[in-house]
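Student: Could you take one part of this model and go through it closely, residue by residue where that helps? I would like to follow how the strands are arranged and what the side chains around them do.

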Amino acid sequence: MSQVITNMAGNLWKLLVQVGDQVEEGQDIAILESMKMEIPVAAEESGTVKEVLKEEGDFVDEGEVLIVLE
């Protein structure tokens, strides 16, 4: 099991995956909005989305777990 962790603080503008989706290493899985810029968040490992811990519109801090993969 692995976790996708945010690399900076911002608002979760868009989730690109949902529970059950297969993701590949390097695939963008979410987009953060910070200072009017869109920052993609990519999966560091391949796997299946087991859990999404935040919802679109939520604020996330740097280092927070966004998605759990199995």
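Tutor: What follows starts from the strand that carries Ser 34, strand E4, and works outward from there to the neighbouring parts.

The model is a predicted one, and the values given here are computed from its atoms. Strand E4 belongs to an open sheet of four strands in the order E5-E4-E2-E7, with antiparallel pairing. The edge strands of this sheet are E5 and E7, each of which pairs on one side only. Between E4 and E5, which run antiparallel, there are six bridges, and within this pair Ser 34 stands opposite Met 37 of E5.

Ser 34 itself deserves a careful look, since several descriptions come together at this residue. With a relative accessibility of 11%, Ser 34 counts as buried, because the cut-off for that word is under 20%. Its side chain reaches the backbone oxygen of Ala 9 at a distance of 3.4 Å. When neighbours within four places in sequence are set aside, the residues in contact with Ser 34 are Met 8, Ala 9, Gly 10 and Ile 39, so that Ala 9 appears both in this contact list and as the residue whose backbone oxygen the serine side chain reaches.

Going along the chain from Ser 34, one comes to the loop between E4 and E5, where Met 35 is found and where Lys 36 is found as well. The phi angle of Met 35 is near 55 degrees, a positive value in a residue other than glycine, and that of Lys 36 is near 65 degrees, again a positive value in a residue other than glycine. Met 35 is exposed, with a relative accessible area of 68%, and Lys 36 is likewise exposed, with a relative accessible area of 80%. Buried Ser 34 is thus followed in this loop by exposed Met 35 and exposed Lys 36.

Strand E4 also takes part in the nonpolar interior. The largest nonpolar core has 16 residues, and those with the most contacts inside it are Val 23, Ile 29, Ile 67 and Leu 69. The elements that give two or more residues to this core are strand E2 (10–15), strand E4 (28–34), strand E5 (37–42) and strand E8 (65–69). As general background, nonpolar side chains tend to be buried together in soluble globular proteins.

Val 23 offers a way from this core to the other sheet. Leaving aside neighbours within four places in sequence, Val 23 is in contact with Val 17, Ile 29, Ala 43, Glu 45, Ser 46, Gly 47, Val 49 and Leu 69. Both Ile 29 and Leu 69 are in that list, and both are named with Val 23 among the core residues with the most contacts. Val 23 also has a bridge partner in E6, namely Gly 47, while Gln 22 has Thr 48 of E6 as its bridge partner. Over these two bridges E3 and strand E6 (residues 47–52) pair in the antiparallel sense.

The sheet to which this pair belongs is open and has four strands in the order E1-E8-E6-E3, with antiparallel pairing. Its edge strands are strand E1 (2–5) and strand E3 (22–23), each pairing on one side only. Further into this order, three bridges join E6 to E8, which run antiparallel, and one of the residue pairs there sets Val 52 against Ile 67 as its bridge partner in E8. Ile 67 is one of the core residues with the most contacts.

Two polar features lie in the loops around these strands. A search of the whole structure finds one salt bridge, in which the side chains of Glu 64 and Lys 54 meet at 2.9 Å, N to O. Glu 64 lies in the loop between strand E7 (59–60) and E8, and Lys 54 in the loop between E6 and E7, so the pair ties together parts that are 10 residues apart in sequence. Glu 64 counts as partly exposed at 23% relative accessibility, whereas Lys 54 is buried, with a relative accessible area of 19%.

Glu 64 is also among the contacts of Thr 6, which, apart from neighbours within four places in sequence, include Leu 32, Val 60, Asp 61, Glu 62, Gly 63 and Leu 66. Thr 6 has its place in the loop between E1 and E2 and is buried, with a relative accessible area of 3%. A polar atom of its side chain lies 2.7 Å from the backbone oxygen of Asp 61.

Methods. Residues numbered from 1 in each chain as written. Predicted model: local features only at pLDDT ≥ 70, side-chain atom pairs only at ≥ 80, totals over all residues. Heavy atoms only, no water. Core = buried A, V, L, I, M, F, W, Y, C linked by side-chain atoms within 4.5 Å. Buried < 20%, exposed > 50% of the residue type's maximum accessible area, 1.4 Å probe, protein only. Contact = heavy atoms within 4.5 Å. Pairing = 2+ DSSP bridges. Salt bridge = Lys/Arg side-chain N within 4 Å of Asp/Glu carboxyl O. Polar contact = N/O pair within 3.5 Å; in protein donor to acceptor, adjacent residues only side chain to side chain.
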